[in-house]
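Let's take a walk through a protein together, starting with the whole chain and then stopping at a few places inside it. Keep the picture open beside you as you read.

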Amino acid sequence: MNRTVLVLREPEIRRLLDPASCLEAVENAFTAYATGGASLPAVINLDVEESRGEVHIKAGHLRGTPQYAVKIASGFYDNPSRGLPQNDGMVLVFEAQTGVPSALLLDNGFITELRTGSAGAVAAKHLARRDARVVGVVGCGHQARFQLESLALVRPFDDVRIYGRRPDRARARVEQLAADPAIPRGCRVTAVREVREAVEGADIVVTVTSSREPLVRAAWLSPGAHVTAVGSDGPDKRELHTDVLRRADLIVADSRSQCLLLGEIHHAVAEGAIPEERIGCELGEITAGKKPGRRSDAEITVCDLTGVGVQDVAAAALVLARARAAGAGQPIAL
């Protein structure tokens, strides 16, 4: 039997996967995960300490769909000084009926970036106030842009404040976003010097750093604020002081079991700041209509996004279906 693997590279993948379609696919994947329609193993985390690198391996299968996928994503924090991108990765897609490899998506981490932005938008869609206008972003890397571009699909914000540990990088990100057609027209985008300046008065706070020390304090949050915590995807990372989760009226996990091992919920429970029972629900329970999202304009809500494999499966499946329909990619015989 002749077998081939379809190889797709980053430029093709970028053309095939747009933010709006990815958002829809990711939201459906959360729903499937929360309603028993997905298989999801534990995350494999590998630290390459001598190179200041970290590797995350995530996999999943949406039951009843023709493929499953395994995603390998890495972050090597000294790479920019070597003229290399900090983040990289690829997605391997297999046929669910036979286990035969069907596609190799050489996306250089693009799928991870976009599906993470999509997850942030899904969280805001259900947890942020409908009249939210001011967004505070803690972190100025590529994910800051992906979060804002996807957020613009669900909330018409008009004021963005960005904090970055390196002011020159924060200013460069502001200049890029000011010219980004995906950002609402007329939106004011500014760089701020302190985390507090980004958080105070914000309707939506998004944290996108690799910090190992908490950055955001509960006292800075306004009534009715929503916090999407994105950067803490390892057991030693954290961006929120535990007082943020203690103050929150509603705490939502992308995966309850995973958030007890990684992320902001993990730290808050481990330190005794909150009991495990304070986890209100999983995001997919809200998207499925099983649990309510925001219940009042005064609530403070927190969503802990540690990243689940069904997001990668959903995005990869969409890329592969569109590639086959368009005749894109390079088939290689096995």
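A residue is called buried when its relative accessible area is under 20%, and exposed when that area is over 50%. With that in mind, here is a first look at the chain, which comes from a predicted model. Of its 334 residues, 57% are buried. The accessible surface of the chain amounts to about 14400 Å², and carbon and sulfur atoms account for 51% of that surface.

What about the overall form? The chain has a radius of gyration of 19 Å, which agrees with the value near 20 Å that a compact globule of 334 residues would have. Measuring tape in mind, you can also picture the C-alpha trace spanning about 65 × 40 × 40 Å along its principal axes. Eleven helices and 16 strands make up the list of secondary structure elements in the protein chain. How do distant parts of the sequence come together? Take the contacts between residues at least 6 apart in sequence: 73% of them join residues at least 24 apart.

Now let's zoom in on one strand. Strand 8 covers residues 134–138, and five of its five residues are buried. Which way do these residues point? Val-134, Gly-136 and Val-138 point one way from the strand, while Val-135 and Val-137 point the other way, and all are buried.

Strand 8 also has partners. With strand 9, residues 159–163, strand 8 pairs in the parallel sense over five bridges. If you would like to find this pairing in the picture, look for Val-134, whose bridge partner in strand 9 is Asp-159. To get from strand 8 to strand 9, the chain passes through helix 4 (residues 142–151), and this β-α-β crossover is right-handed. Strand 8 pairs in the parallel sense with strand 11 (residues 204–207) too, over four bridges. Here you can look for Val-138, which has Thr-207 as its bridge partner in strand 11.

Next, let's visit a loop. Between strand 12 (226–229) and helix 7 (242–247) runs a loop that holds Lys-237. Is Lys-237 buried or exposed? Its relative accessible area is 4%, so Lys-237 counts as buried. The side chain of Lys-237 is joined to that of Asp-233 by a polar contact of 2.8 Å. Setting aside residues up to four places away in sequence, Lys-237 touches Glu-54, Tyr-77, Ser-210, Ser-211, Arg-212, Gly-231, Ser-232 and His-267.

The loop between strand 12 and helix 7 also holds His-241. With a relative accessibility of 18%, His-241 counts as buried, because the cut-off for buried is under 20%. Which residues does His-241 contact, apart from its neighbours within four places in sequence? They are Pro-214, Leu-215, Val-216 and Arg-217.

Our last stop is Gly-75, which sits in strand 5 (residues 67–76). Gly-75 has a relative accessible area of 3%, so this residue is buried. Leaving out neighbours within four places in sequence, Gly-75 is in contact with Arg-52, Gly-53, Glu-54, Gln-86 and Asn-87. You met Glu-54 a moment ago, among the residues that Lys-237 touches. Ser-210 was in that list as well, and Gly-75 and Ser-210 are 135 residues apart in sequence but 9.7 Å apart in space, C-alpha to C-alpha.

Definitions and conventions: Residues numbered from 1 in each chain as written. Predicted model: local features only at pLDDT ≥ 70, side-chain atom pairs only at ≥ 80, totals over all residues. Heavy atoms only, no water. Buried < 20%, exposed > 50% of the residue type's maximum accessible area, 1.4 Å probe, protein only. Helix = DSSP H or I, 4+ residues; strand = E, 2+ residues; numbered from the N terminus. Pairing = 2+ DSSP bridges. Right-handed = clockwise from strand over helix to strand, strands pointing away. Rg over C-alpha atoms; globule rule 2.2 N^0.38 Å. Contact = heavy atoms within 4.5 Å. Areas by Shrake-Rupley, 256 points an atom, 1.4 Å probe, with all protein chains shown as cover. Polar contact = N/O pair within 3.5 Å; in protein donor to acceptor, adjacent residues only side chain to side chain.
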